[in-house]
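Here are some notes to go with your first look at this one. Take the points in order and keep the viewer open while you read.

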Amino acid sequence: MLPRLILPIFSLAVAAAASVIPRADGACTNPAVRKEWRELTNAEKAEYLRAAVCLRGLPKAKYADVDAVTTRMDDLVYTHFSLNSEIHFVANFLPWHRWYVKLHEDLLRTECGFTGTQPYWDWSIDADNQDTPNSPVFDPITGFGGNGKRTGSNEPGFERCVVDGPFANTNLTLGMGWPNMNDPSNRLHCITRRFSGGEGNDEKGEAIIGNMQAGAYNSNVMKIIYGFDKYAEMHEMLEGLPHAQIHSVISGDMGPATSPNEPLFFLHHANVDRAWAKWQGRNATRLTDYTGFQDLNKVFPASITDTMPILELGETEPIVKDYMDIQAGPLCYTYSSM
Ligand SMILES: [Cu+2]
């Protein structure tokens with residue numbers, strides 16, 4: 001049995017005052033193409049990284065009364081964290097994160113002048129190579145930097161940090177969350193990762209990395225997922241296995257419900273979104289297949305007309321049915337490999 005990602009569940013204290021900018025339902029004749037990280041030129045990689053760093057440097061625009069929220073990125077992190085139990089292991093997991101990745105991409109564009117398209121990280125390529133720890137996404141020059149390392153500091157939150165790549169900068173100190181999932185709170189900390197193979201620790205107390213549980217997210221697993229006929233089963237395995245294990249084997253800031261702190265979150269979730277879109281195809285039945293439950297206790301059945309909670313991130317709650325098709329309604333994109 002594989003360990004399941006532990007997302008701490010927090011109760012919602014904040015009333016929802018949701019919204020998105022309403023967009024005209026135009027025809028999607030020229031969809032933007034989201035490419036795999038390896039397909040980008042170095043200039044395209046640099047442009048994405050520049051914009052991702054930029055968004056983390058802007059001041060918050062929402063949550064005036066929440067002190068832990070200070071940056072524009074925190075607006076997004078706080079929303080994901082606060083809604084944790086309403087958007088994970090429930091039916092709206094896929095459409096909610098589809099909406100969320102798109103919002104982040106839009107903000108990169110409108111607030112940081114991003115000129116590219118949201119990339120995705122196809123981790124099944126690395127899993128099939130048995131080489132996830134050396135994936136190009138972790139490159140110190142052209143990627144997001146690598147595993148966290150001991151810094152020599154005794155300051156809590158700064159003992160283990162990502163020390164290379166564009167996010168290894170003390171200017172990017174995170175205010176939301178705390179990478180130790182057993183001690184959830186908001187504390188200043190550096191961005192960190194703790195690669196793990198789920199095989200325990202070595203004699204120095206360092207996690208044994210191994211192949212980072214490649215068997216949980218390789219192309220064989222994806223084949224099984226694509227083979228399901230019904231949304232509920234496809235979604236359950238996609239979220240519970242490859243999605244959860246990528247969070248879990250990277251760990252550090254990628255582990256807890258504040259995981260959008262980890263910039264790779266958006267490439268990871270773009271790939272999860274790609275898997276759903278690939279499963280859907282251009283098949284009319286699958287583009288409207290949406291079943292399961294709205295709640296973790298499986299009491300309230302989900303419906304395609306459900307709205308999705310977004311707290312202060314917009315003024316109108318998005319409706320699931322508008323996020324079923326990546327080439328219709330408010331969305332107009334596709335993936336380089338489907
Ligand atoms: Cu999430």
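1. Let's start with a term: a salt bridge here is a side-chain nitrogen of Lys or Arg within 4 Å of a carboxyl oxygen of Asp or Glu. E111 and R72 fit that, with their side chains meeting at 2.9 Å, N to O. This pair links distant parts of the chain, since E111 is in helix α4 and R72 is in helix α2, 39 residues apart. The two ends differ in setting: E111 counts as partly exposed at 32% relative accessibility, while R72 is buried, with a relative accessible area of 9%. Bear in mind throughout that this is a predicted model.

2. R72 has another partner, D75, and in that salt bridge the closest N and O atoms are 2.7 Å apart. Both D75 and R72 are buried. Why are they about one helical turn apart? Because D75 and R72 sit three residues apart in helix α2. As a general matter, an α-helix has 3.6 residues a turn, so residues three or four places apart point the same way.

3. Now for α2 as a whole. How many of its residues are buried? The count is 11 of 11, so α2 is largely enclosed by the rest of the structure. Besides R72 and D75, the buried residues include M73, L76, Y78 and F81. What do they pack against? Their packing partners are α1, α3 (84-87), α4 and α8 (264-280).

4. The copper site also involves α2. Three histidines coordinate the ion through NE2 at 2.0 to 2.1 Å: H80, H88 and H97. Along the sequence these donors are spaced H-x7-H-x8-H. H80 lies in helix α2 (residues 72-82) and H97 in helix α4 (residues 93-112), 17 residues apart, so described as a link between distant parts of the chain. H80 and H97 are both buried.

5. Back to salt bridges, where the total comes to 18. One network of them ties together R34, R98, E105, R109 and D273. R34 has a further role in the picture, as its charged end sits over the ring of Y333, 3.7 Å from the ring centre. Elsewhere, R38 and E36 form a salt bridge at 3.0 Å, N to O. Of these, R38 counts as partly exposed at 29% relative accessibility, and E36 is buried at 4%.

6. R56 deserves a look for what it lacks. This residue of helix α1 (residues 42-57) is buried yet has no salt bridge. The nearest side chain of opposite charge is E262, 6.8 Å away, and a salt bridge would need the atoms within 4 Å. Setting aside residues up to four places away in sequence, R56 touches a list of residues, among them T71, M73, F167, P260, E262 and F266. M73 is one of the buried residues of α2.

7. Next, the aromatics, which make 20 pairs. One of them is W123 with Y217, an edge-to-face pair at 6.2 Å centre to centre, with 85 degrees between the planes. It links distant parts of the chain: W123 is in helix α5 (residues 123-128) and Y217 is in the loop between β3 (160-162) and α6 (219-227), 94 residues apart. Are the two rings' residues buried or exposed? W123 is buried at 1% relative accessible area, and Y217 is buried at 0%. Ring pairs also join W37, Y48, F114, F144 and F167 into a cluster; F167 is a residue that R56 touches too.

8. The loop between β3 and α6 also holds S196. S196 is buried, with a relative accessible area of 18%. In sequence S196 and I250 are 54 residues apart, but their C-alpha atoms are 6.6 Å apart in space. Beyond its neighbours within four places in sequence, S196 is in contact with A207, I208, I209, M212 and V249.

9. Finally, step back to the whole chain. It has eight helices and four strands, in the order β-α-α-α-α-α-β-β-α-α-α-β. Of its 338 residues, 53% are buried. Among contacts with a separation of 6 or more, 67% come from residues 24 or more positions apart.

Key:
Residues numbered from 1 in each chain as written. Predicted model: local features only at pLDDT ≥ 70, side-chain atom pairs only at ≥ 80, totals over all residues. Heavy atoms only, no water. Phe/Tyr/Trp six-rings, centres within 6.5 Å; stacked < 30°, edge-to-face > 60°. Helix = DSSP H or I, 4+ residues; strand = E, 2+ residues; numbered from the N terminus. Buried < 20%, exposed > 50% of the residue type's maximum accessible area, 1.4 Å probe, protein only. Lys NZ or Arg CZ within 6 Å of the ring centre and 35° of its normal. Donors = N, O, S within 2.8 Å, 3.2 Å for Na, K, Ca; no water. Lys, Arg positive; Asp, Glu negative; His and termini not counted. Contact = heavy atoms within 4.5 Å.
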